[in-house]
Amino acid sequence: MTDWNLLTVPRGAVSFYLGTELVVLIAIGLVPNGPLTGEVWQTVALLLVTAVVQTELSLPVERKRVRFATVPTINMTSVWIFAGALLLPPVVEALVAVAVSSHLYVRAWRRKPLYQ
């Protein structure tokens, strides 16, 4: 498997994904967030800790799944992101989603191109 570089990305994929992220960030910025209380930060901490523990416990299986898969695989990140969407203000949930996905990428998906 080759390391990711900009030359392996299909034409237009980078601008498409960056454009999508920009639209999401703008949309999140337009939604009222409410106060960021201590309870919100406790929920963030609980979600992040449980997501990291779950990822670390399933890491050997996840690495094998990524290594041998030829199609996108199912993982548990959606569970933590959905829970955050139900419990947190949108901007904070976006941070949780980025943190959970980044942790899984660094620990299991490093050798897989980002656009996959």
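In this predicted model, Thr 55 sits in helix H2, the stretch spanning residues 38-57. Its relative accessible area is just 6%, and because the cut-off for burial is under 20%, Thr 55 counts as buried. Leaving aside residues up to four places away in sequence, Thr 55 touches His 103 and Leu 104. Both of these partners fall inside residues 79-106, one of the two spans that the unreviewed UniProt entry annotates as "transmembrane region"; the other covers residues 12-31. The 79-106 span is 93% helix and 0% strand, and its end C-alpha atoms lie 19 Å apart.

Zooming out, the whole protein is built from helices: there are 5 of them and 0 strands, and the order along the sequence reads α-α-α-α-α. Of its 116 residues, 24% come out as buried. The accessible surface adds up to about 8,300 Å², with carbon and sulfur atoms accounting for 70% of that area. As for how the chain meets itself, take the contacts between residues at least 6 apart in sequence: 78% of these join residues at least 24 apart.

Helix H2 also has a helical partner in H4. The two pack with their axes 10 Å apart, at an angle of about 170°. Angles over 145 degrees count as roughly antiparallel, and H2 and H4 are therefore roughly antiparallel to each other. On the H2 side, the contact is made by Thr 43, Leu 47, Thr 50, Ala 51 and Gln 54. H4 answers with Trp 80, Ala 83, Gly 84 and Leu 87. The spacing of such residues fits a simple rule: an α-helix has 3.6 residues a turn, so residues three or four places apart point the same way.

H4 itself, residues 77-87, has a clear inside and outside. Which of its residues are buried? They are Thr 77, Trp 80 and Gly 84. Viewed down the axis of H4, these buried residues fall within an arc of 75°, so they line one face of the helix. Phe 82 and Leu 86, on the other side of H4, are exposed. Two of the buried residues, Trp 80 and Gly 84, turn up again among the H4 residues that make the contact with H2.

Conventions:
Residues are numbered from 1 along each chain as its sequence is written. This is a predicted model: local features need pLDDT of at least 70, side-chain atom pairs count only at pLDDT 80 or more; totals for chains, interfaces and linings use all residues. Side-chain values use heavy atoms; hydrogens and water are left out. Helices (H or I, at least four residues) and strands (E, at least two) are DSSP runs, numbered from the N terminus. Buried means under 20% relative accessible area, exposed over 50%, partly exposed in between (1.4 Å probe, protein chains only). Contact means heavy atoms within 4.5 Å. Accessible areas come from the Shrake-Rupley method with a 1.4 Å probe; for residues, only the protein chains shown count as cover. UniProt positions are given in the numbering used here, feature names are shortened, and annotations may be inferred rather than shown by experiment. The arc is that of the directions from the helix axis to the C-beta atoms. Axes are lines fitted to C-alpha atoms, for helices over the stretch in contact, and angles run from 0 to 180 degrees between N-to-C directions. Angles under 35 degrees count as roughly parallel, over 145 as roughly antiparallel, 65 to 115 as roughly perpendicular and the rest as oblique.
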